[in-house]
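Here is a short tour of a protein and the DNA strands beside it. Have the sequence and the 3D view open as you read.

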Amino acid sequence: MPELPEVQTVLDTLACQMGHPVIEQIEVIWDNIVHGDTQAFIAGLQGRRIEQYARLGKYLCFDCGEVMWIAHLRMEGKFYLQQPQEPYDQKHVHVIFHLDDGRQLRYHDTRKFGRMYLYEHQEDLHAYPCFANVGLDAFDERLTADVLYRRLHGRSITLKQALLDQSVIAGVGNIYADEICFALRLHPQTRVSRMRKKDFEALITEMRRILGGAVRAGGTTIRSYTSSLGVDGRFQLQLRVHAKKGERCPLCGEPIKKITVGGRGTYYCERCQKRR
DNA sequence: TATACCTCCTGCAAGC
DNA sequence: TGCTTGCAGGAGGTAT
C-alpha cells in the first residue's frame, strides 16, 4: 500500500517522465474512482496542462492552473505512462488520460479503492474539501512535538492508532507505523496519554528519519504494492519488524509477533518494545 | 466529541 | 482438484 515515501516516489517519477503535458482526452471506465460527477471531472480537466506537482500526506496533487486534480492511490493504485499501442490489463485499468505528446497515462487499481478529485484552484493546499480531515504532512515544519502533544494528550487511543490517524499526521501508513514504534522501543498499544513530550520529540525525529530513508530508497515494494513507471523501491530490505512474524528481532533475537491494533495487522518485538 | 464498526473491492491463502 | 470462506488494506460514513 503506497504510503508517503511511495507516493513521493510516484510523484517524482511522474514529474520527471511526464513533464508538463496537456490532458487532451479522458476515459473514465470505472465511475467510482472519480469523486463526485464524472462528467464534470472530465469537462473540468480536459484541455488543461499539468503545471506543477505536489504532495500532501498520501495524496498526489496535479496543479493544472485554474483547477487542482488530486489523486489517492489507496491500496493498490498505480499510474502507467505508456504508448497507445502498448497492451494493458483491461480488467484493472479504470481511467485513461490521453496526453498531447501522444502518450497515455493509465490509472491501474486492482481493488478499485483509489479516488480522484477535481477542484477549482485554491492558494492553500489544505483548503480543498478532500483534505478537511487531513492534518499536517509528516515533513511539514509546523508539525512539532508540542503540536502532537497538544493534539493527543488526554486521548485514549494507542500509539499505533495515532500514527495511522491522517488527521494527526498525514502520510504514515501501516508499514511505517510499525517501524516507527520499533524505532521508539514503544509497544504499538502504548496509550498516547502516557507519552511525555520528549517521547513526541523522539517520534518526530524517528518518523522523519525512517520516512526520509524510505524516500531515498524509492519506497517499499511488497506484495500488494509495486511502484508504477518501472520503479521498484528498496526500503523493504531495511524493514525491521513489519511483515516479519516469526523472524528474529534484529536487536534481541526474540521472534517478532503479530497482533491486531485498531483493526490493522501489527508487528512488534515483545522484549524490545515496552508498553506504557 | 471520541471511538468503534461497517463498507467499498478483489486477490490470495487456508480449509474442506 | 475445485470450491468456499476469511483476511488484508485506507478512508469515509454511520452508529454508539
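## Domains and record features

UniProt positions are given here in the numbering used for this model, with feature names shortened, and annotations may be inferred rather than shown by experiment. With that in mind, the unreviewed UniProt entry places "domain: FPG-type" at residues 240-274. Over residues 240-274 the chain is 0% helix and 29% strand, with the end C-alpha atoms 17 Å apart; helices (H or I, at least four residues) and strands (E, at least two) are DSSP runs numbered from the N terminus. The unreviewed entry also puts "domain: Formamidopyrimidine-DNA glycosylase catalytic" at residues 2-114. Over residues 2-114, helix makes up 20% and strand 37%, and 11 Å lie between the end C-alpha atoms.

This is a predicted model, in which local features need pLDDT of at least 70 and side-chain atom pairs count only at pLDDT 80 or more, while totals for chains, interfaces and linings use all residues. Residues are numbered from 1 along each chain as its sequence is written, chains are lettered from A and ligands numbered from 1 in the order in which they are written, and side-chain values use heavy atoms, leaving out hydrogens and water.

Chain A is assigned domain 1 (4-131) and domain 2 (145-268), with bounds that come from an automatic or database domain assignment. Taken over C-alpha atoms, the centres of domain 1 and domain 2 are 28 Å apart.

## The largest pocket

The largest pocket holds about 510 Å³ of space. On a 1 Å grid over the protein atoms alone, a pocket is an open set of points where a 1.4 Å probe fits, with protein on both sides within 12 Å along at least five of seven lines; lining residues have an atom within 4 Å of a point. Grid points are joined across faces, edges and corners, and the volume is the space filled by probe spheres set on the points.

Its lining has 19 residues, and M1, K58, R74, M75 and R264 lie nearest the centre. By class, the lining has 10 nonpolar, five polar and four charged residues; Ala, Val, Leu, Ile, Met, Phe, Trp, Tyr, Cys and Pro count as nonpolar, Asp, Glu, Lys and Arg as charged, and the others, Gly among them, as polar. Domain 1 and domain 2 both contribute to the lining, so the largest pocket lies between them.

## DNA strand B

Around DNA strand B there are 13 residues, with H92, T110, K112, R155 and S156 the closest; near means that a heavy atom of the residue lies within 4 Å of the strand. Sugar or phosphate supplies 73% of the strand B atoms within 4 Å of the protein, and bases the rest.

Two side chains meet phosphate oxygens of DNA strand B: a polar atom of N32 at 3.1 Å and one of K91 at 3.3 Å. A polar backbone atom of R111 lies 3.5 Å from a sugar or linking oxygen of DNA strand B. Such polar contacts are pairs of N or O atoms within 3.5 Å.

## DNA strand C

Of the 14 residues around DNA strand C, the nearest are H72, M75, R111, R264 and G265. Sugar and phosphate make up 60% of the strand C atoms that come within 4 Å of the protein.

A side-chain N or O atom of H72 is 2.6 Å from a phosphate oxygen of DNA strand C, and a polar backbone atom of G265 is 2.9 Å from a phosphate oxygen of that strand.

Key. A polar contact is a pair of N or O atoms within 3.5 Å; within protein, one must be able to donate a hydrogen and the other to accept it, and residues adjacent in sequence count only if both atoms are side-chain atoms.
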